[in-house]
Amino acid sequence: MTGFFITFEGIEGVGKTTQVEKAFDLLSARHPGGVIITREPGGTPTGEVIRDIILQKDTGRIDGITEMLLVFAARRQHIQDVILPSLDAGMIVLCDRFTDATFAYQGGGRGVDEQLVSRLQDMVQGRLRPDLTVLLDAAPEVGLARMRERGAPDRFEAETMNFFQRVRNKYLELAGRYPERVHVVDAAREADDVTREITALLEAKGLC
Ligand code: Z5A
């Protein structure tokens, strides 16, 4: 495997999609045709159907372990069909959320046993882990205020502030556990300031 795998993480509305697109433009200028954007849950036709099941409010209550199995099912297909072939071709893969989200949402948010998440991570991914993770961090109030302007909330956006605080805490715990991989970026600032910090990070990695 010769490519580079970058994931963007954080609670809702912190600006992941905005910053993934900025990083794509920046990296594509240096590596034309050598960068892809993808997302989770999703990234393949199967994954996008699973995403709909997970996000639709009319799906009703989903048990935490069921939710975890669904995201890992989508992830397996995504890894096989998109991520590994792209990395094998030497590409830079930018992924809007990956397995840290499972530790944060299903583990931290829903209370699923972290050992269970780890076991599925090993089964589904083998040794595949991101080379770099950009954790966009902000208080839940910040992200949710941005999302509110977007309209009808999905199944997650309808959760309580306590839920998002637990998710954020788990993300920060993961950053403390994997300081070489996970870089915490203050996402409460202006989008351009956030982009500047991520650009510096990508330059430091020799990617642009
Ligand atoms: N999920 C899970 O439970 N387990 C898993 O393993 C995985 C996922 C992989 C789908 O995520 C859901 O799946 C997610 C967790 C769960 N929960 N939800 N909902 P998603 O990534 O599709 O949904 P999201 O978190 O809501 O992401 P988003 O809507 O794409 O938000 P974002 O990417 O972080 O933000 P954005 O779209 O870039 O920006 C939101 C708005 O804020 C927009 O109007 C921007 O113009 C604005 N913005 C962006 N940056 C700024 C700054 N810096 N200042 C001011 N305004 C800004």
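These questions and answers cover the ligand site and the pockets of a predicted model.

The model is predicted, so local features need pLDDT of at least 70 and side-chain atom pairs pLDDT 80 or more, while totals for chains, interfaces and linings use all residues. Residues are numbered from 1 along each chain as its sequence is written, and side-chain values use heavy atoms, with hydrogens and water left out.

Q: Where does the ligand sit?
A: A pocket is an open set of points on a 1 Å grid over the protein atoms alone, where a 1.4 Å probe fits, with protein on both sides within 12 Å along at least five of seven lines. A molecule sits in one if more than half of its atoms lie within 2 Å of its grid points. The ligand meets this test in the largest pocket.

Q: Which element gives the most residues to the shell around the ligand?
A: Helices are DSSP runs of H or I with at least four residues, numbered from the N terminus. Those giving two or more residues to the shell include H1 (16-30), H3 (64-88) and H4 (99-109). The most, four residues, come from H4.

Q: How many residues of the shell around the ligand are charged?
A: Asp, Glu, Lys and Arg count as charged. A residue is near the ligand if one of its heavy atoms lies within 4 Å of it. There are 29 residues around the ligand, and Glu12, Lys16, Thr18, Arg51 and Arg97 come nearest. Ten are nonpolar, six polar, and the charged ones number 13.

Q: How far from an oxygen atom of the ligand does a polar side-chain atom of Thr18 lie?
A: A polar contact is a pair of N or O atoms within 3.5 Å. Thr17 places a polar side-chain atom 2.7 Å from a ligand oxygen. Asp154 has one 3.1 Å from a ligand nitrogen. For Thr18 and a ligand oxygen, the distance is 2.5 Å.

Q: Which element supplies the largest share of the lining of the largest pocket?
A: Lining residues have an atom within 4 Å of a point. Here they number 36, with Lys16, Thr17, Arg51, Asp96 and Arg97 nearest the centre. The largest share is five residues, from H1.

Q: How much space lies in the second largest pocket?
A: A volume is the space filled by probe spheres set on the grid points. The largest pocket holds about 750 Å³. Phe98, Phe103 and Tyr178 are among the residues lining the second largest pocket. Its space is about 170 Å³.

How values were computed:
Polar contact = N/O pair within 3.5 Å; in protein donor to acceptor, adjacent residues only side chain to side chain.
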